[in-house]
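Student: Can you walk me through this structure? I'd like to go piece by piece.

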Amino acid sequence: MSFSFDGSRATPTRPPHIEPAQPGNWARDAAGGEPDGTVFTASFANMVAGNLRRIAQDAGVALTPGVDTILRDAVIATVEDVIAQSAVTSVFGRAGAVVAANNDYSASQIANNSGVAGATVGAALINIDQRITGWTPGAEWRTQLLDSIASQFNGTLTTFNLRLSGAAVTPIFAADLIVSLDGVIQAPGAGFTISGSTIVFAAAPLTGAECFILYRGRDPLAPAMNFLINGDFAINMRLFAGGALAAGVYGFDRWKAGAAGADVSVANTIVTLASGQIEQIVEGALWGSLGGQKVTISVENLTGGALNVVVGSQSGQITAGAGRRGVTLTLGSGETGNISVRLSPATTSVSFQRVKLEIGEQPTAWVRRSVVQEEDLCARYFQKSYARGARPGAANVFAGEVYHIEGATPLAAKVGMATRLTPMRATPTIVWYASASGASGVINGSGLGDVAIASTNNASTAATGFPNLASAQGSAGALWRAQFTADAEL
């Protein structure tokens, strides 16, 4: 089979994998009406290259002078790669001819005679896309060949699941798919529609029909964003030692005990939930609404038994086993605000790693945010003046403390000790601690010892405000010092 690229030939109106409306027009036009074995022309390559150029622009890929020539050459090279694999000597079963037997010019006839299967054609188009746009396997957004559905065709079924390596694919628009059915590209909206992660053909494909589907969009297996903060329990600003937690009390950052309390500990990244329930509130104002979404909650290396999970109003169970394991739940359309995520052992103590909540029907790989990002997210809800390794309320901890030197006279009942915070979710509750004694609700004044705080004035999402004493105390030059915590947990 010979392929020539003659720019003098007439421009074909359709690519070779699309059957023409009038049988024979495409092949004859491409060959200029000459039965010389010419199927592809430079004009066709230019047309495809132009389309890919627009794809590259949409993807934000930088284009350089002469890019059209580069794109055209890539199209030709890829087609040549595919043809070279098939050792073809004829077209439509007729050596040196472009007139098909029985006027059948469909791509399936090309495939049947050349040995180039529909899936190979699809792979070739992906190859072109990757050469031009730079998308490569593993990229989050790229063109991918979906799992074949052809074996399910029986002349009756019209609806089929869209899958990539077994994972559900949910296109946003029908136009996100390129669907070839027996060599005919199906028109989105007319030849087929999509419904969630299924494709619905306008007419039932016949038994034995060839089909390939290309999807251009997010890789369903690419790691998705985790809506849970501190899902690996690595951040522990309260220095919780592990063990029993009373109902509603926070231990590891962003995780608190459920209504009946909990017994939870962490060692070498492994979380052990001996009893009770732990909970994290996913803030709608931070992440946006999850109402009506299919979400998957998952953990890694679950041992000891099954793990019961509750996400909003929905519940499920993750079965024990190695690797990442999860359950998919569909939230109610009205669940648009904060969402409670709760975990508890189904029977006895369980251990697991790296909890993840994501949109979609498939648990994807764990990708940890940077420590800086994760700590900033945690600080939206809880902060402390203490050094990272110091427990709030510990005695004789002076690193990180705030202080104020009194002026000529005491400022009535106020002490000017306000400190800026990393912006928080809401105005926090400030708890003051004496740096030396570690006692809460007091600050330390030179020559006065620990002095009780009556209240905190002028606190905001970005500042602690200042401690308000019950009465004016101290003298000119007095040193006030304290530590604090700021709590805006949900």
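What follows is a talk through the chain, its sheets, its cores and a few single residues.

Student: Where do the coordinates come from, and how many helices and strands are there in the chain?
Tutor: This is a predicted model. The chain has seven helices and 25 strands.

Student: How much of the chain is buried?
Tutor: Of its 490 residues, 47% count as buried. The accessible surface of the chain is about 21100 Å², and carbon and sulfur atoms hold 53% of that.

Student: And what about contacts in the chain between residues far along the sequence?
Tutor: Take the contacts between residues at least 6 apart in sequence: 70% of them join residues at least 24 apart.

Student: Let's do sheets. What is the order of the open sheet of three strands?
Tutor: The order is β2-β8-β7, and the pairing is antiparallel. From one strand to the next, the twist averages 25°.

Student: Which strands stand at the edges, and why is one side of each left without a neighbour?
Tutor: The edge strands are β2 (159-161) and β7 (192-195). Each has a single partner strand, so one side of each has no neighbour in the sheet.

Student: How many bridges join β7 and β8?
Tutor: Four, in the antiparallel sense, with β8 covering residues 198-201. One of the residue pairs is Ile194 with its bridge partner Ile199 in β8.

Student: What sits in the loop between β7 and β8?
Tutor: Ser197 has its place there.

Student: Is Ser197 buried or exposed?
Tutor: Buried, at 10% relative accessibility. Leaving out residues up to four places away in sequence, Ser197 touches Phe160, Asn161, Leu162, Arg163, Ala168, Val169, Thr170 and Glu361.

Student: And Ala203, buried or exposed?
Tutor: Ala203 is in the loop between β8 and β9 (211-218). Its relative accessibility is 52%, and the cut-off for exposed is over 50%, so Ala203 counts as exposed. The C-alpha atoms of Ala203 and Thr159 are separated by 9.8 Å, with the two residues 44 apart along the chain.

Student: Next, what does β11 pair with?
Tutor: Strand β10 (residues 243-245) pairs with β11 (residues 256-267) in the antiparallel sense over three bridges. Ala244 has Asp263 in β11 as its bridge partner. β11 also pairs with β12 (residues 270-282), antiparallel again, over eight bridges. In that pairing, Ala257 stands opposite Ile278 in β12.

Student: How many residues lie between β11 and β12 in the hairpin?
Tutor: Two. Asn268 in the turn has a positive phi of about 55°.

Student: Now the cores. Which residues touch the most other members of the largest nonpolar core?
Tutor: That core has 33 residues, and the ones with the most contacts to other members are Ile297, Leu307, Val311, Leu343, Phe352, Val355 and Leu357. The elements giving two or more residues to this core are β11, β12, β13 (294-303), β14 (307-311), β16 (321-330), β17 (339-345) and β18 (350-359).

Student: What does Val355 touch?
Tutor: Not counting residues up to four places away in sequence, Val355 touches Asn226, Leu228, Gly231, Phe233, Trp255, Ile297, Ser298, Val299, Leu343 and Trp366. Of these, Ile297 and Leu343 also appear in the list of core residues that touch the most other members.

Student: What other core lies apart from it?
Tutor: One of 19 residues, including Leu164, Ala174, Ile199 and Phe201. Ile199 is the bridge partner of Ile194 in the three-strand sheet's β7-β8 pairing.

Student: Helix α7: which residues are buried?
Tutor: In α7 (residues 371-379) the buried residues are Glu374, Glu375, Leu377, Cys378 and Ala379. They pack against α6 (284-287) and β19 (382-384).

Student: How many disulfides does a search of the whole structure find?
Tutor: Zero. As for cysteines, Cys378 is buried at 2% relative accessibility, and Cys211 is buried at 12%.

Student: Last one: where does Asn444 lie?
Tutor: In strand β22 (residues 442-445). Asn444 counts as buried, at 18% relative accessibility; the cut-off for buried is under 20%.

Student: What is Asn444 in contact with?
Tutor: Setting aside neighbours within four places in sequence, Asn444 is in contact with Gly449, Asp450, Leu479, Trp480 and Arg481. Tyr433 is eleven residues from Asn444 along the chain, and their C-alpha atoms are separated by 8.4 Å.

Notes. Residues numbered from 1 in each chain as written. Predicted model: local features only at pLDDT ≥ 70, side-chain atom pairs only at ≥ 80, totals over all residues. Heavy atoms only, no water. Pairing = 2+ DSSP bridges. Axes fitted to C-alpha atoms, helices over the stretch in contact; angles between N-to-C directions. Core = buried A, V, L, I, M, F, W, Y, C linked by side-chain atoms within 4.5 Å. Buried < 20%, exposed > 50% of the residue type's maximum accessible area, 1.4 Å probe, protein only. Contact = heavy atoms within 4.5 Å. Areas by Shrake-Rupley, 256 points an atom, 1.4 Å probe, with all protein chains shown as cover. Disulfide = S-S within 2.5 Å.
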